[in-house]
Amino acid sequence: YKPRPAPPLCSMPGDADGDVESLLQTRQGFLSKLGGGQEKGHKWNRRWFVLRDNILMYFNSPKDFTGFRDKPSGVVLLEEANVRESGEGGYYGRPFTFVLSHSGGESVVLAAETEKEMVEWMQAVRTSRLCVTDAEAAAMSEAQRQQAAEADIDAAVHRRADAEAALATVDKELSEVQKTHREVEAEKERAEKELKELMARFKLRKSLLHWRHRKLTFSFRALVTIVFEGRIDKARGAKASADARMAAAQQELEAASAARQKAEVAKRKSEEMYVRELELKKQCEAEEREGDRLAAHEADLRAEAEQEVGVLKQAGLGKLSLDRERQECLDLRMQLERCRAEGELLQTKLKRRVPTGKSK
């Protein structure tokens, strides 16, 4: 008995070859299964069913089925199984239900979403139950097929023994590899220890070389100082004189800077005084113009008074009125004299406040 090849087509009376071929293909889809696998159950569970040959497998979800080597949640053997519709109303009011019953009394109740799906599933189960997909197994009886299956099981047991022996060999090789790994780890630890020792020696040697370098540097400096002592003293003296000249130049620069600042301050003060002098000159000119205007006004008043006195004299008024007019004229003359004195005083003040050419 050899492993089964790909399933060939089988023909049924009254069916077309295309229909039979479609029924023999692997069928997958969702069906609802009555809990407990018996007709007396009351809970429906939605499962993913896969039909192949004369075996109906179901999984919790399509993700759990990636191939025929996956372990299903349950298996229904279709050998000597009878497929029938549940009748009107179904089970517990659920429509589109059908039953897979065996001669031993066990049964599985399934339900589809539509009537079409129910009919397709029932036809697929009947076809898978009636057709034998192996031509060599089709010529055998049930007992012969069972013996062939037992032979396959024995062969699988022998293959398992061979696999266990191969596994033991692999374990042995793994042990050897682990032993080699431990030896390599030990060698690695020794190498790391030697490396640490070498690093410590290197650091010590580096410190000694650094100390010798510093000692040689100090010795060289002392030798240079002894050999070139005269030149060093001369250079130091030249440096001191240069520093002194630089300090004197710095002092002169600071003095020049201070003098410059003072000159700038004096210049600013002179400019301020010049501006103030110009302002005073403008003010004096304005006062002088005002004095000239007052003098002209005083002259006008004097002329008017003299004119009035002449008019009074020509009019030939009485002595009393002449005395009154004369008194008024005297008063006006006194006022004119007073205005003239104030004008002269004002002119004198203006002349004193007007700046001369030398002050500019």
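1. Helix H5 contributes the most to the lining of the second largest pocket, giving 8 residues. The structure under review is a predicted model, and the points below should be read in that light.

2. The second largest pocket has a volume of about 230 Å³. Its lining consists of 15 residues, and those closest to the centre of the pocket are Leu294, Ala295, Glu298, Cys339 and Gly343. Two elements give two or more residues to this lining: helix H5, which spans 229-315, and helix H6, which spans 319-353.

3. What is the chemical character of the residues in the lining of the second largest pocket? They divide into 6 nonpolar, 4 polar and 5 charged residues.

4. A second topic is the pairing of charged side chains. Side chains of opposite charge can pair when their charged atoms come close. In this model the count comes to 4 salt bridges; three of them are taken up in the points that follow, including the one between Arg190 and Glu187.

5. In the salt bridge between Arg190 and Glu187, the closest N and O atoms are 2.1 Å apart. Both residues belong to helix H4, which covers residues 142-227, and they lie 3 residues apart, about one turn of the helix. How accessible is Arg190? Arg190 has a relative accessible area of 44%, so it is classed as partly exposed. Glu187 is also partly exposed, with a relative accessible area of 45%.

6. Glu264 and Arg260 form a salt bridge through their side chains, with an N to O distance of 3.4 Å. These two residues are found in helix H5, 4 residues apart, which again corresponds to about one turn of the helix. Is Arg260 buried or exposed? Arg260 is exposed, because its relative accessible area of 59% is over the limit of 50%. Its partner Glu264, by contrast, is partly exposed, at 37%.

7. Helix H5 also holds the pair Glu290 and Arg293, whose side chains meet in a salt bridge with an N to O distance of 2.2 Å. The two residues are 3 residues apart in helix H5, so about one helical turn separates them. Glu290 has a relative accessibility of 35% and therefore counts as partly exposed. Arg293 likewise counts as partly exposed, at 48% relative accessibility.

8. To draw the points on helix H5 together: this helix gives 8 residues to the lining of the second largest pocket, and it contains the paired residues Glu264 and Arg260 as well as Glu290 and Arg293.

Technical notes: Residues are numbered from 1 along each chain as its sequence is written. This is a predicted model: local features need pLDDT of at least 70, side-chain atom pairs count only at pLDDT 80 or more; totals for chains, interfaces and linings use all residues. Side-chain values use heavy atoms; hydrogens and water are left out. On a 1 Å grid over the protein atoms alone, a cavity is a set of points where a 1.4 Å probe fits but cannot get out, and a pocket is an open set with protein on both sides within 12 Å along at least five of seven lines; lining residues have an atom within 4 Å of a point. Grid points are joined across faces, edges and corners, and a volume is the space filled by probe spheres set on the points. Ala, Val, Leu, Ile, Met, Phe, Trp, Tyr, Cys and Pro count as nonpolar, Asp, Glu, Lys and Arg as charged, and the others, Gly among them, as polar. Buried means under 20% relative accessible area, exposed over 50%, partly exposed in between (1.4 Å probe, protein chains only).
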